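Student: Hi, could you walk me through this one? I'd like to begin with empty spaces.

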Amino acid sequence: MQQLYPEPGPVDQDTLINLYAPPPDPSLRVNFVSSLDGAGTLQGRSAGLSGAEDKRVFGILRMRCDALLVGAGTVRDEGYRALRLDEERRRWRLAHGMSEFPTLVIVSGRADLDPAQPALADAPVRPVIVTTRQADPGPLHDVADVIRAGDRHVDLAAAVDALRGRGHAQILSEGGPRLFGSLTVAGLVDELCLTLSPLLTGPGAGRITAGPDHDVPEHLTLRHALLADGQLLLRYSR
């Protein structure tokens with residue numbers, strides 16, 4: 001892996017971990033992979049766009065977060081398993097004053113998740129379900145804590161405030177596209193980590209963001225650009 005910007009040169013593991021250090025203040029970062037022509041998935045899943053070095057960064061971002069925020073559709077579509085880290089990453093977290101595992105947070109307006117789903121039933125720490133005050137989580141209470149934010153629709157700003165009240169200062173979101181779009185509209189995205197895969201997938205797949213039109217673009221600043229196996233790994237922040 002090579003750094004192209006701001007200081008060109010080779011990148012080892014320790015340098016890579018430092019390049020993805022979160023800011024000192026609470027923040028919400030989003031991580032996505034995209035094809036060159038804007039597709040967020042290949043054959044229905046984002047894994048087809050990824051590569052070994054993108055997966056390495058994916059693991060580092062999970063290692064550095066307090067909570068992992070995902071939409072219920074992404075949990076289903078991407079076949080999410082329990083949020084477990086390997087021994088090396090767990091040791092790193094403990095050595096840096098963090099809990100052994102980050103907390104999985106699933107946004108589900110209808111709270112219609114299966115409590116036997118491995119991401120919930122096999123979680124190393126109790127997950128959190130974010131839903132509305134009108135939803136009925138039912139048996140989900142047995143496997144997860146429930147945050148109610150909003151009446152008919154999930155109030156993401158209130159949900160993020162509640163997560164930070166639980167000590168989750170650094171939040172990582174892996175999507176999906178509708179959650180990313182909603183976080184953007186709510187002004188909650190502090191950082192985007194985006195991997196560009198050297199593929200043209202053609203029409204059909206959706207973008208990495210979805211939802212209602214948003215007429216107020218947000219300007220982000222490029223913090224670094226890395227090159228690995230033909231993929232560009234970019235980090236932008238406010």
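Tutor: Sure, terms first: on a 1 Å grid over the protein atoms alone, a cavity is a set of points where a 1.4 Å probe fits but cannot get out, a pocket is an open set with protein on both sides within 12 Å along at least five of seven lines, and lining residues have an atom within 4 Å of a point. Grid points are joined across faces, edges and corners, and a volume is the space filled by probe spheres set on the points. This is a predicted model, where local features need pLDDT of at least 70 and side-chain atom pairs count only at pLDDT 80 or more, while totals for chains, interfaces and linings use all residues. Residues are numbered from 1 along each chain as its sequence is written, and side-chain values use heavy atoms, with hydrogens and water left out.

Student: Okay! How many cavities of 30 Å³ or more does the structure hold?

Tutor: Two. The largest cavity has about 60 Å³ of space, and the second largest has a volume of about 30 Å³.

Student: Which residues line the largest cavity?

Tutor: Pro-22, Ser-27, Arg-29, Leu-61, Arg-64, Cys-65, Gln-170, Ile-171 and Leu-172. Strand β8 gives the largest share of that lining, three residues. Helices (H or I, at least four residues) and strands (E, at least two) are DSSP runs, numbered from the N terminus.

Student: And what lines the second largest cavity?

Tutor: Tyr-20, Asn-31, Val-57, Leu-61, Cys-193, Leu-194, Thr-195, Leu-233 and Leu-234 do. That lining has seven nonpolar residues, two polar and no charged. Here Ala, Val, Leu, Ile, Met, Phe, Trp, Tyr, Cys and Pro count as nonpolar, Asp, Glu, Lys and Arg as charged, and the others, Gly among them, as polar. With three residues, β9 (191–197) gives the most to this lining.

Student: Now pockets. How much space lies in the largest pocket?

Tutor: About 1,200 Å³. It is lined by 45 residues, and the closest to its centre are Thr-74, Glu-78, Glu-174, Gly-176 and Pro-177. By class, the lining splits into 14 nonpolar, 17 polar and 14 charged residues. Helix α3 supplies the largest share, five residues.

Student: What about the second largest pocket, how much space lies there?

Tutor: About 510 Å³. Among its 19 lining residues, Phe-180, Thr-184, Arg-207, Thr-209 and His-214 are the closest to its centre. Helix α7 gives the most to that lining, with five residues. The classes are nine nonpolar, eight polar and two charged.

Student: Switching topic: how many aromatic pairs does the structure hold?

Tutor: One. Phe-32 and Phe-180 are stacked, at 5.2 Å centre to centre with 25° between the planes. Phe-32 lies in strand β3 (residues 27–35) and Phe-180 in helix α7 (residues 177–185), so the pair ties together parts that are 148 residues apart in sequence. As for the terms, rings of Phe, Tyr and Trp (its six-membered ring) pair if their centres lie within 6.5 Å; planes under 30 degrees apart count as stacked, over 60 as edge-to-face and the rest as tilted.

Student: Is Phe-32 buried or exposed?

Tutor: Phe-32 is buried, and Phe-180 is too. Buried means under 20% relative accessible area, exposed over 50%, partly exposed in between (1.4 Å probe, protein chains only).

Student: Any odd backbone spots?

Tutor: A few. Most residues other than glycine have a negative phi, and most peptide bonds are trans. Gln-43, not a glycine, has a positive phi of about 55°, and Gln-43 sits in the loop between β3 and α2. Ala-111 also has a positive phi, near 50°, and is found in the loop between β5 (103–107) and α5 (118–121).

Student: Why does Gln-43 count as exposed?

Tutor: Because its relative accessibility is 81%. Ala-111, at 6%, counts as buried.

Student: Which peptide bond from Tyr-5 is cis?

Tutor: The one to Pro-6, with omega near 0°. Pro-6 is in the loop between β1 (2–5) and β2 (9–10). Another cis peptide bond joins Gly-175 and Gly-176, where omega is about 15°. Gly-176 is in the loop between β8 (170–173) and α7, and is one of the residues closest to the centre of the largest pocket.
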